Amino acid sequence: YKLKYKEDDIEILISTMNLREENEAQELIEKMKITSDFIVINQTKEINIKNFNIINSNQVGLSKSRNLAIETSRNKIILFVDNDVIYNENYKDIIVDAYNKYENADIICFYVESQNLKRKTKRMKTGKIGLIRSMRITSFEISCKLNKIRDIRFNENYGAGTKLNRGEEQIFLRDARKKKLKAIFVNKKIGEVEQKESTWYTDWNKEYFEIQGKLYKELSPKYYKLLILQYAIRKYNQYKQNIKLNDAIKFMSTNEELVSRSFGK
């Protein structure tokens, strides 16, 4: 196949918080084993770092960080990543090879293995990403052709740092499908993620299910009730000590109060 992309076309967009010194940023890059171009979005109230690779922002929220990174990026292939990802030595080869092989793909998601067995990431077969497969994707597995997603943004009402504290990657992929962009998963491991603690998961409680129901309704107004039902059944063994099956379904199905709280209506 024709080699259109090369390693220099890759740019890693890192979302992090509270870096105070430039050496902290350098240590982060070394720890993550990044050897390509990168941009660090540093959400902080103390802005002491002046470096053209580091964008300091006083905004809060992962989706806002990702969007600022999109607006700042100048390279052909971008990857969204958190500060606890550690890349394989050959990650650039894998990414470039995939974009050259699947030249019609606008978005390619790669496998990033979780070191936390309680928060596993899903390894899928290589193939197209639709609604159901998108549920198994995390944002640090997503890469894109920048010129294809210039007018797509992460929904800033969702994601870590908001009341609707997850699901931003699924909405991003949904919006990409609406734009007729082609998204695929390539079954190649490009790195590992620590995931020591979750910024959004606390417990199987009423609010957790309310947010999940709201996310499903946002993703698929037509089929969200089926999505709610399958989730309640599929996850039952994990939450049955905390909440009854019928209550989980009810909480996911009735979330108007949450919507009002989240959007200030």
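Hi everyone, let's start right inside the fold. Leaving aside the neighbours within four places in sequence, A183 is in contact with I107, K128 and I129. This residue sits in strand β9. Is A183 buried or exposed? A183 counts as buried, because its relative accessibility is 9%, and the cut-off for buried is under 20%. There is also a nice long-distance relationship here: A183 and G130 are 53 residues apart in sequence, yet their C-alpha atoms are 7.9 Å apart in space.

Before I go on, please keep in mind that this is a predicted model.

Now let's step back and look at the whole chain. How many helices and strands does the protein chain have? There are ten helices and nine strands. The radius of gyration is 19 Å, and the globule rule gives 18 Å for 265 residues, so the chain is as compact as a globular protein of that length. If you lay the C-alpha trace along its principal axes, it spans about 50 × 45 × 35 Å.

What share of the 265 residues is buried? Buried residues make up 51% of them. The accessible surface of the chain comes to about 14000 Å², and carbon and sulfur atoms hold 47% of that.

Remember A183 and G130, with their 53 residues of separation? Here is the chain-wide view of contacts. Take the contacts with a separation of 6 or more: 76% of them are between residues 24 or more positions apart.

A second residue to look at is N75. You'll find N75 in the loop between α2 (62-72) and β4 (77-82). Which residues does N75 touch, not counting those up to four places away in sequence? The list is D8, D9, I10, E11, D37 and L146. N75 counts as buried, because its relative accessibility is 14%. Its C-alpha atom is 9.6 Å from that of F38, a residue 37 positions away along the chain.

Next topic: charges. The protein chain carries 50 positive and 36 negative charges, and the mean positions of the two groups are 9 Å apart. Side chains of opposite charge can pair when their charged atoms come close. How many salt bridges does the structure hold? It holds twelve, and I'd like to show you a few.

The first one on my slide joins E7 and K92, with 3.7 Å between the closest N and O atoms. Where do these two residues lie? E7 is in the segment before β1 (10-17) and K92 is in helix α3 (residues 91-101), so the pair ties together parts that are 85 residues apart in sequence. E7 is partly exposed, with a relative accessible area of 32%, whereas K92 is buried at 15%.

Next come K31 and E194, whose side chains meet in a salt bridge at 3.6 Å, N to O. K31 belongs to helix α1 (residues 22-32), while E194 is in the loop between β9 (183-193) and α6 (206-219), so this pair ties together parts that are 163 residues apart in sequence. K31 counts as partly exposed, with 38% relative accessibility, and E194 counts as buried, with 14%.

Now for a local pair. The side chains of K206 and E210 form a salt bridge with an N to O distance of 2.9 Å. Both residues lie in helix α6, four residues apart, and that is about one turn of the helix. K206 is partly exposed, with a relative accessible area of 39%, but E210 is buried, with 4%. Salt bridges can also share partners, and in this way E113, K189 and E192 are joined into one network.

One last stop, the backbone. Which sign does the phi angle of N18 have? It is positive, about 60°, although N18 is not a glycine. N18 is in the loop between β1 and α1, and it counts as partly exposed, with 35% relative accessibility. K33 also has a positive phi of about 60° and is not a glycine. You can find K33 in the loop between α1 and β2 (37-43).

To wrap up, here are two things to look for in the viewer. Find E7 and K92, a salt bridge that ties together parts 85 residues apart in sequence. Then find K206 and E210, within the one helix α6. Thanks for listening!

Methods. Residues numbered from 1 in each chain as written. Predicted model: local features only at pLDDT ≥ 70, side-chain atom pairs only at ≥ 80, totals over all residues. Heavy atoms only, no water. Rg over C-alpha atoms; globule rule 2.2 N^0.38 Å. Buried < 20%, exposed > 50% of the residue type's maximum accessible area, 1.4 Å probe, protein only. Contact = heavy atoms within 4.5 Å. Areas by Shrake-Rupley, 256 points an atom, 1.4 Å probe, with all protein chains shown as cover. Lys, Arg positive; Asp, Glu negative; His and termini not counted. Charge placed at Lys NZ, Arg CZ, Asp CG, Glu CD. Salt bridge = Lys/Arg side-chain N within 4 Å of Asp/Glu carboxyl O.
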